[in-house]
2 protein chains.
Amino acid sequence: MQALEKLRGRMAELSDLAAIEMLAGWDQLVMMPGDGAAARAQQLGTLARLTHERATGEEIGGWLEEIDGAPDAAALDELDRDIVRVARRDWERARRVPDELAVELARAAADGQEIWQQARVDDDFAAFAPALQRNVELARAYAECVAREGESRYEALLGDYDFGLRTGELRRVFGELARALPPLAAQARVRSPRRTLEVPVGAQRAAVAGTLRRLGVDEASWRVDISAHPFTAWVGRGDSRVTTRYSDGEVESLLSSLHEYGHALYERQIDPALDRTNLGAGTSMSIHESQSKLWENHVARSPAFAEVLAAELGAGGFAVAPAELHAALVGVEPSAIRVSADPLTYPLHIVVRFELELALIDGDLAVADLPAAWREQMRRLLGVEVASDALGCLQDVHWGAGSFGYFPSYALGCLIAAQLWEAMEAELGPREDDLRRGEVAPIQRWLGEHVHRYGRRLDTMPLVERATGRALEIEPFLRYVTPLAER
Amino acid sequence: MQALEKLRGRMAELSDLAAIEMLAGWDQLVMMPGDGAAARAQQLGTLARLTHERATGEEIGGWLEEIDGAPDAAALDELDRDIVRVARRDWERARRVPDELAVELARAAADGQEIWQQARVDDDFAAFAPALQRNVELARAYAECVAREGESRYEALLGDYDFGLRTGELRRVFGELARALPPLAAQARVRSPRRTLEVPVGAQRAAVAGTLRRLGVDEASWRVDISAHPFTAWVGRGDSRVTTRYSDGEVESLLSSLHEYGHALYERQIDPALDRTNLGAGTSMSIHESQSKLWENHVARSPAFAEVLAAELGAGGFAVAPAELHAALVGVEPSAIRVSADPLTYPLHIVVRFELELALIDGDLAVADLPAAWREQMRRLLGVEVASDALGCLQDVHWGAGSFGYFPSYALGCLIAAQLWEAMEAELGPREDDLRRGEVAPIQRWLGEHVHRYGRRLDTMPLVERATGRALEIEPFLRYVTPLAER
């Protein structure tokens, strides 16, 4: 079938372009001399434009029609059927956005990000408000373009990050979290208080390198570098790149390197048969975040793995008892800032953002009222008094960059990680003894088999059900954090 | 004029794609984990295919025609006229190659390179001969496609590296070198014998870093890395990347880092008004090589700059007298290998290759007879007995990779560098005192003004004439090497 061959050829091209864009982005943040920024922005713009053009071309519609109408259409194997199904979905979604709106969205996102950056420095919400207003309006217009039958605007936006997610489902899950977590947090801040551990950077570096080596991070197919904000780039099969950062007297590097490792491992274990197709990537932001959170929360923050981490810090010249290290990695203290939140209160920061962005998109909250609403939510859910907008609704880049519907994936990731972890232990038995010895191969295999290999063949919720036998629920996460409130 | 705007838009896009390709190639050789090679090859293939498609599209011809026919065509400013002129030239040349031939050329080049690599290891010319035969035939077919009125096949091939170069001119210049250099070499090997200097890698690294810093290599817009073979990547304005390599007991790193610096400085000093046009790149291989050779031969190998290099080695813990260092940087000894040749005999290696590849393309030399012809030429021009084909006609990758007409630029670079150097000293006075202090700003400025800023607006020979007031001649180069035979 010639049309199928052409479609697969185009998907291979788009997959290569995505990898190149990933590489150029990685280089920009890790290697590029600062003065190269303007040229790089142009290059990335050109790549994005070309990609958009090749992803939305009329000819793709022609191929899809031809494949549908072909006499042997029913004879397609399962893989090709999935390729065609997802290609149609992506193409139709991308085609629904007029070019002018796409250009306006990109420009407003770039402007908004810049204005946000300054406004945060100046703690000046009023300076940011018009840009935010514009982003909200454009997001609504975009949502109206891409919304499918029966989808709300907010659900349409979610589709960019987690295809098929329903607002009602989020309301239910986040509502349960909003009820269950605050009382646990109140206990945990007393029973598992936040502690600092003054680990020198040299010991952190040694421990990060040694720990990642135990997890299979070798020089043949990985890079580990430093960047201002940790992230992962997947530049192609056999080329995984994670970054971390180090600062004296923090243990964040131990957590963030395992977090990024989880993202990288996901992409590495996708079925190689999906390489250079439209299915050969992580399926959604929530599942991706579940993979990073699984290694951050359930491995790096486990009492058992603390023995490995403590041994690696020891080899780096910093002696610490595993229990003391573990206490520093899990200490609970409700605070104003999301990115440094403890594992228990972290999802509450997301609930705050979900409710507010939903109200912004639905028109139930005016931009001017956001700072007050933010303070009110933080008080209600975390018991925190927000001292300034810079430490409040200006702390995250997302809304300035025009991203609405992205935040939920952070909390869903925590929940899904806990649910996957329980399903895995139900099958393999408790991981404690293995983790104490740094043995993670069975975990890697289980994730490969039940989560990773599918790539984009399964969407978020169907994948959760397939892997765990149950719809998404909050109880596994509650069981994960409850010990912090009870010890 | 709308067509002009479209043309310039396309040229900007092609310039961005070229920069991205450069980045992906740099990364492959400097940063990429080894297992990423297969995916990277696919990505580079996709980039090349897309670039070819956008560079040869029918629509470009339409724009060119529209621009020509426009009532205000005469009102184009000089820059736009040059953009249109070079765009037409590139487009017509690229369009003359049928897609199937382009694919065959690429495949034969990749195969040939692989076969060459093994044949060189095995010292087995017979194993390489069929691939070489195929490359010769394809190069002829390609030449017949792109040759313009009155151009020979070999001249058509030269056009990929040095547009407008004539075979007759090369015969004349290289014939003069073949007569003048061998007697000088015979004297120089006695008067300026090759000497080794056992410089530890640590001192080399310190000296390379310190020397490049003096030349303006800062962290804001440069990278200096290590790779198996030194090269330069120009990833965009404000983003120059040179590499070098270090081995104990060699001084090659001092020469190669200044060589690559010369390439990088050329691209950096192109008029910013040419950025993202089809003119914003070095104009030819010869001019590029003249820029690297100028810094390698006339700066790094000068007795005056040896004082700077010796001081930098001293700061790195290796004490050496400037005169001793200089002697090690210029020592003459005819040998079998091009890449490690001394400054005097280097062009003779190119004369050997020029005569042989010209004969191969013209059909005057059969592939089977190449090894014997090579030995004969080496004996005649360098007085060297070639011990094996691996150290003879199998030593370079070029022919295996399908590159014919590339070699001359290496020798032309030496000649043009010497001619530019004399023209510059005629204007600025002798550089000796400045070089002794490491003061190179006047050299940088002169090159920027007379060579670099033009980008592709002037081809090789017109640029030489504009910069030096004379056609290309060999005397400046002879004057540069004669002291080696006379001291």
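Which residue of chain A forms a salt bridge with Asp27(B), and how far apart are the closest N and O atoms? In this predicted model, the partner of Asp27(B) is Arg241(A), and the closest N and O atoms of the salt bridge lie 2.8 Å apart. This pair belongs to an interface across which the rule finds six salt bridges, together with 18 residue pairs in polar contact, both residues of each pair being at pLDDT 80 or more.

**The interface**

On the side of chain A that touches chain B, at least two residues each come from the helices α1 (2–30) and α2 (37–56) and from the strands β1 (222–226), β2 (232–236) and β3 (239–244). Sorted by class, that side of chain A has 15 nonpolar, eight polar and 13 charged residues.

In terms of contacts, 36 residues of chain A meet 36 residues of chain B. The area buried between the two chains is about 2,900 Å², and carbon and sulfur atoms give 57% of this area. Ile20(A), Pro33(A) and Gln43(A) together supply 18% of the area that chain A buries against chain B, which is more than any other three residues supply.

**How the copies are related**

Chain A can be laid on chain B by a turn of 180° with a shift of 0.0 Å along the axis, giving an RMSD of 0.0 Å; that is the relation of a two-fold axis. Because 100% of the interface residues of chain A are also interface residues in chain B, the copies meet through the same surface.

**Arg276 in each chain**

Phi is a further point to inspect, since most residues other than glycine have a negative phi. Arg276(A) has a phi near 60°, a positive value in a residue other than glycine, and Arg276(B) likewise has a positive phi near 60°. The table sets out the location and accessibility of each.

| Residue | Location | Relative accessible area |
|---|---|---|
| Arg276(A) | loop between α10 (252–268) and α11 (285–300) of chain A | 26%, partly exposed |
| Arg276(B) | loop between α10 (252–268) and α11 of chain B | 26%, partly exposed |

**His288(B)**

Helix α11 (residues 285–300) of chain B holds His288(B), which is buried, with a relative accessible area of 14%, a value under the 20% cut-off for that class. The side chain of His288(B) makes a polar contact of 3.0 Å with the side chain of His263(B). When residues up to four places away in sequence are not counted, His288(B) touches His263(B), Tyr266(B), Glu267(B) and Gly282(B).

Technical notes
Residues are numbered from 1 along each chain as its sequence is written. Chains are lettered from A and ligands numbered from 1 in the order in which they are written. This is a predicted model: local features need pLDDT of at least 70, side-chain atom pairs count only at pLDDT 80 or more; totals for chains, interfaces and linings use all residues. Side-chain values use heavy atoms; hydrogens and water are left out. Copies are superposed by least squares on the C-alpha atoms of residues with pLDDT of at least 70 in both. Contact means heavy atoms within 4.5 Å. Buried area is the accessible area (1.4 Å probe) that two parts lose on being put together, summed over both. A salt bridge is a side-chain nitrogen of Lys or Arg within 4 Å of a carboxyl oxygen of Asp or Glu. A polar contact is a pair of N or O atoms within 3.5 Å; within protein, one must be able to donate a hydrogen and the other to accept it, and residues adjacent in sequence count only if both atoms are side-chain atoms. Helices (H or I, at least four residues) and strands (E, at least two) are DSSP runs, numbered from the N terminus. Ala, Val, Leu, Ile, Met, Phe, Trp, Tyr, Cys and Pro count as nonpolar, Asp, Glu, Lys and Arg as charged, and the others, Gly among them, as polar. Buried means under 20% relative accessible area, exposed over 50%, partly exposed in between (1.4 Å probe, protein chains only).
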